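I sat down with a coffee and a fresh notebook page to look a few things up. Here is what I wrote down, in the order I looked.

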Amino acid sequence: MLSLQIIRQQPEQVKHKLSIKKFSFLHLVDEILALDDERKKLTHESEQLQAAINAMSKEIGKLMQAGKTDKAQQKKEEVNAHKAKQGPLRDRLSETEKLLEEKLLLLPNLPSDKVPPGDSAKDNVVVKEGGKIPELPSDALPHWDLIKKYDIIDFESGARITGSGFPLFKGKGAKLQRALISYFLEENLKAGYTEYSPPLLVNETTAFGTGQLPDKEGQMYFVPADGFYLIPTAEVPITNIYRDMILKETELPVKMTGYTPCFRREAGSFGADVRGLNRVHQFDKVEIVQITHPDKSYEALEEMVAHVERLLQTLELPYRIVKLCGGDMSFASALTYDFEVYSAAQKKWLEVSSVSNFETFQTLRMKIRFKETDTGKTRLAHSLNGSALALPRIIAALLENHQTENGIVLPEILHSYFGDEKIST
RNA sequence: GGAGAGGUGUCUGAGUGGUUGAAAGAGCCGGUCUCGAAAACCGGUAUCCGCUUUUUGCGGAUCCAGGGUUCGAAUCCCUGCCUCUCCGCCA
């Protein structure tokens, strides 16, 4: 969420930046400012009364000890008169605060100055391309056919056990997943990340912290009996590890990684985009998360981008890095780089990672702060995260790009993790 | 799931209705001492909100959370959450 402070100080600037994100309810900014003024006024009045009440209560204490009960009784009545005045004031105050909070939560994060203008995915800026797009024969198969050919995922059984979008990995397919997870985690460890294996169900407060709630509950699976949400990404539990904490400046940056299954309802998706592994309800992902000093977060973002890029290079996949334009960015992000891998048989780019800086948007909600060594002041940290990497589309791309007459020839880096060089019939 | 105990500051831990934002100790920061360090001694050491033009200062809130009793609550009552111990069930 945005801090009231920045809205108070630079309302016009805030509106301008929100409009870059194609956010259309700019009137919210003025409404928030009006509510904030109201809140301050009511707070002040209510606290004046409270201060008077507190002072009188202390006097009553003294009078009672001195045995002057009738004088104390007189004071008590005075206090009661003050309290009668304070009651309605407090009700108005809490009403105002609630409304203010609700409106504040509707505002998306401000885009960083580096965000290119634009309305949708077509305006995103390709900042880098790498790898080589393979020349496949004309009878090259899309991954859903390769999956059948090598019998590595059983979509029908998955659908029977649960429903469509819940793939059942089998044999070499299951092992390939395990190999990729191990490989990604090992590389993340080498880059200085601490490994976590978090809970897969989270409570409401946790889901609120990273910005899934309110508003996006439709995207998550929910367990009503216990009030838990199935995580849509490891970002949610892992970032929340530091919720309500004040770190020492020297403890930054905090670098965390974790493998989890991810659950997404993906309501409303349909068509060719959802074929095979392109979009599923349950998938595996290795995530990286950083909590950084506010002055270092963009450095960290670049470092994370470079790290993910290395992973794709070693997997020998053709990729490109895309900087998202204002209109295509997520609610919580200040700057996002998407990684796309070219799927040679489908002839299209598939998003396999999204690396974002959230600046203080999440840390304000979660109260993740640090104490400055020099001044002793408490400041909000910045939070970032990215996939390193999401498995299904990586598998789709590996299958399609590395298909040969003799099977799927895996990149060398995976051989030791997979225990073989290729997948064949 | 059943029975009991408990949740206090960075930590340990005192506090059962009236200057208690909270004893004491530890830790941490600064200082004295020292060639330097240790020890000893002295001082400091929560967060959020509001007022004050700034510093200074003032006020309010916070002793798991939310309600309640009271002139006044860390302290009493209710509800919820969590932790620990024992029993049950179970991978």
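**Entry 1: a cross-strand pair.** A reminder to myself before anything else: this is a predicted model. I began with Arg320 and looked for its partner across the sheet; Arg320 stands opposite Glu340 in S12. I then checked how the two strands run. S11, residues 319-323, pairs with S12 in the antiparallel sense, and I noted five bridges.

**Entry 2: the other neighbour of S12.** S12 also pairs with S13 (residues 348-357), again in the antiparallel sense, this time over nine bridges. Here I picked out Tyr337, which stands opposite Val355 in S13. I followed the chain round the hairpin of S12 and S13 and found four residues between the strands. Lys347 in this hairpin takes a positive phi near 55°.

**Entry 3: buried or exposed?** With a partner strand noted on each of two entries, I wanted to know how covered S12 is. S12 spans residues 335-343, and nine of its nine residues are buried. Next I sorted the side chains by direction. In a regular strand the side chains alternate between the two faces of the sheet. In S12, Leu335, Tyr337, Phe339, Val341 and Ser343 point one way. Thr336, Asp338, Glu340 and Tyr342 point the other way, and these are buried too. So Glu340, the residue opposite Arg320, is on my buried list.

**Entry 4: a helix for comparison.** I turned to H12, residues 391-401. Eleven of its eleven residues are buried, so H12 is largely enclosed by the rest of the structure. The list of buried residues includes Ile394, Ile395, Leu398 and Leu399, and also Arg393, Glu400 and Asn401.

**Entry 5: around the RNA.** Which residues come nearest to RNA strand B? Of the 16 residues around the strand, I wrote down Ala51, Asn54, Ile60, Gly61 and Lys76 as the nearest. Helices H3 (27-65) and H4 (69-105) each supply at least two residues of this surface. H3 gives the most, with twelve residues. By class, I have five nonpolar, eight polar and three charged residues near RNA strand B.

**Entry 6: how H3 and H4 pack.** Since both helices turned up in the last entry, I looked at them together. H3 and H4 pack at an angle of about 160°, and their axes are 8 Å apart. That angle makes H3 roughly antiparallel to H4. The residues of their contact divide into 18 nonpolar, eight polar and 16 charged. Last note of the day: H3 passes H4 in a left-handed crossing.

Methods: Residues are numbered from 1 along each chain as its sequence is written. Chains are lettered from A and ligands numbered from 1 in the order in which they are written. This is a predicted model: local features need pLDDT of at least 70, side-chain atom pairs count only at pLDDT 80 or more; totals for chains, interfaces and linings use all residues. A residue is buried if 20 or more other C-beta atoms lie within 10 Å of its own, exposed if 12 or fewer, and partly exposed in between; C-beta atoms are placed from the backbone. Two strands pair if DSSP finds at least two bridges between them. A residue is near a molecule or strand if its C-beta atom, placed from the backbone, lies within 6 Å of it. Ala, Val, Leu, Ile, Met, Phe, Trp, Tyr, Cys and Pro count as nonpolar, Asp, Glu, Lys and Arg as charged, and the others, Gly among them, as polar. Axes are lines fitted to C-alpha atoms, for helices over the stretch in contact, and angles run from 0 to 180 degrees between N-to-C directions. Angles under 35 degrees count as roughly parallel, over 145 as roughly antiparallel, 65 to 115 as roughly perpendicular and the rest as oblique. A crossing is left-handed if the near helix is turned anticlockwise from the far one by less than a right angle, and right-handed if clockwise.
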